[in-house]
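Got your viewer open and your mouse ready? Load the model, and let's take a walk through it together.

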Amino acid sequence: MNRNKIKWQLPFLLFLIIGTVLILKKQEPFRTEQGLIFGTMYKVTYQSKQSLKNEIEDELHKVDNSLSPFNKQSVITRINNNTDNTPDSMMTEVFSLAEKISDETNGAFDITVAPLVNAWGFGFKNAGNINDATIDSIRQFVGYKKIRLENGKIIKQDSRTMLDCSAIAKGYGVDRVAGLFDRKGIKNYMIEIGGELVLKGESPKKDQWHIGINKPIDDSLAVNQELQTVLKISNAGMATSGNYRNFYYKGGKKYAHTIDPRTGYPVQHNILSSTVIAENCAVADAYATSFMVLGLDSAKIICNKHPELDAYFIYTKDDGSTDIYFTEGMKKYLDNHINH
């Protein structure tokens, strides 16, 4: 009886094994492409029969040609130089999204902040001598309400107003590549540009994507990669903003790269690192920057108003020690806490 049962089961088991091997062989491989864009690294891991590197880079160069102030031929450069005030479709989309988030954050997010960023030595032009009078004079033409999109044209109140989409362009670039993959029917991918990400489906390990958040240790050379925590995430955009990599010392004082567009000065409050998860990366990117400007208390208020945003903040307490705060929605992504 047992022998007959085994005889019947063996072909069935053999069929299962062969079937499984054939299915695994048929599965498309994961590929990784990487390179330089927007003055930083991009890295894309995706499951596809064929390489899409050329199409990925074509998409990224379209974004660069629209939104990069470092590109002398870009749409944004022509607008900044007042040689052309007609935005393309990408510039229009980003401008409209930026305006909405500026309203939501009471001006903490502001794509006209470029002259102030440049003045402090963090932008696409060299810093000059900075003092209160300089800041006051620049603030006359900085402010998102001093520029508008009307009848397909960018209208400036003051010709000196400049646009800088660096706090949203990387996220938007990530979203554009994600859109390319979605159109191609690619289900599993991770797209990263300079730390801004979109994650979809599953990783090569057949699991959600595991993404680390670095400890905010002063590290202008980006050599310290000690992790604060790890997130398990899929089907979302993610961005992190922090002051611990882009700063300088002058006259014994530390100046961080996040400039408050409402005051004209680098922020001095308690958030060290702001991570946001949202439906897409452009939104996550813009809010991560906004929260660095707003500080913890105001950031919490915005998060409460927008439950679709999940946020994780590393901040300094009054006694100088470091602590964390995260929204209720962030709990589903937290894999483990590493020594907070």
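Here is a tour in short stops, each with something to select.

**Before you click**

This is a predicted model, so local features are described where pLDDT is at least 70 and side-chain atom pairs where it is 80 or more, while totals for chains, interfaces and linings use all residues. Residues are numbered from 1 along each chain as its sequence is written, and side-chain values use heavy atoms, with hydrogens and water left out.

**Stop 1: the whole chain**

Show the cartoon first. The protein chain has 9 helices and 15 strands; these are DSSP runs, numbered from the N terminus, with at least four residues for a helix (H or I) and at least two for a strand (E). Of the 340 residues in the protein chain, 47% are buried. Buried means under 20% relative accessible area, exposed means over 50%, and partly exposed is in between (1.4 Å probe, protein chains only). Now think about contacts, meaning heavy atoms within 4.5 Å. Among those between residues at least 6 apart in sequence, 59% join residues at least 24 apart.

**Stop 2: helix α8**

Select residues 281-294, which form helix α8. How many of its residues are buried? The count is 14 of 14, so to speak a mostly covered helix. From first C-alpha to last, α8 reaches 20 Å, close to the 20 Å expected at 1.5 Å a residue (the expected span is 1.5 Å times one less than the number of residues).

Look at both ends. Asn280 caps the N-terminal end, with a side-chain oxygen 3.3 Å from the backbone nitrogen of Ala282. Just after α8, Gly295 takes a positive phi of about 85 degrees.

Next, pick Ser290 inside α8. Ser290 is buried, with a relative accessible area of 0%. Ser290 touches Ile101, Thr105, Ala108 and Phe109, leaving aside residues up to four places away in sequence. Measure from its C-alpha to that of Ala167: the two are 123 residues apart along the chain, yet separated by 9.0 Å.

**Stop 3: where α4 meets α8**

Add residues 89-104, helix α4. Two packed helices are described by the angle between their axes and the distance between the axes. Here the axes come within 11 Å and cross at roughly 35 degrees. (Axes are lines fitted to C-alpha atoms, for helices over the stretch in contact, and angles run from 0 to 180 degrees between N-to-C directions.) Show the side chains: Leu97, Ile101 and Glu104 in α4 meet Ala282, Val283, Ala286, Tyr287 and Ser290 in α8. By class, that contact has 6 nonpolar, 1 polar and 1 charged residues.

**Stop 4: Arg262**

Jump to Arg262, in the loop between β11 (253-256) and β12 (271-278). Arg262 is partly exposed, at 34% relative accessible area. Among the residues it touches are Val293 and Leu294, along with Thr105 and Asn106. Arg262 and Asp110 are 152 residues apart in sequence, but 8.9 Å apart in space, C-alpha to C-alpha.

**Stop 5: helix α2**

Select residues 53-67 for helix α2, which has 15 residues. Which of its residues are buried? Color Ile56, Glu59, Leu60, Val63, Asp64, Ser66 and Leu67. These buried residues pack against β1 (30-37), β2 (40-47), α3 (75-80), α4, α7 and β5.

**Stop 6: Asn188**

Asn188 sits in the loop between α7 (166-183) and β5 (189-193). Is Asn188 buried or exposed? At 11% relative accessibility, Asn188 counts as buried. Its side chain makes a polar contact with the side chain of Gln47 at 2.7 Å, and also reaches the backbone nitrogen of Glu202 at 2.9 Å. (A polar contact is a pair of N or O atoms within 3.5 Å; within protein, one must be able to donate a hydrogen and the other to accept it, and residues adjacent in sequence count only if both atoms are side-chain atoms.) Other residues touched by Asn188 include Phe30, Thr45 and Trp209.

**Stop 7: two loops with a twist in phi**

Most residues other than glycine have a negative phi. Select Lys206, in the loop between β6 (196-200) and β7 (209-214). Lys206 is not a glycine, yet has a positive phi of about 60 degrees. It is partly exposed, at 45%.

Finish on Asn235, between β8 (227-233) and β9 (236-242). Its phi is also positive, near 60 degrees, and at 57% relative accessibility Asn235 counts as exposed.

Notes
Ala, Val, Leu, Ile, Met, Phe, Trp, Tyr, Cys and Pro count as nonpolar, Asp, Glu, Lys and Arg as charged, and the others, Gly among them, as polar.
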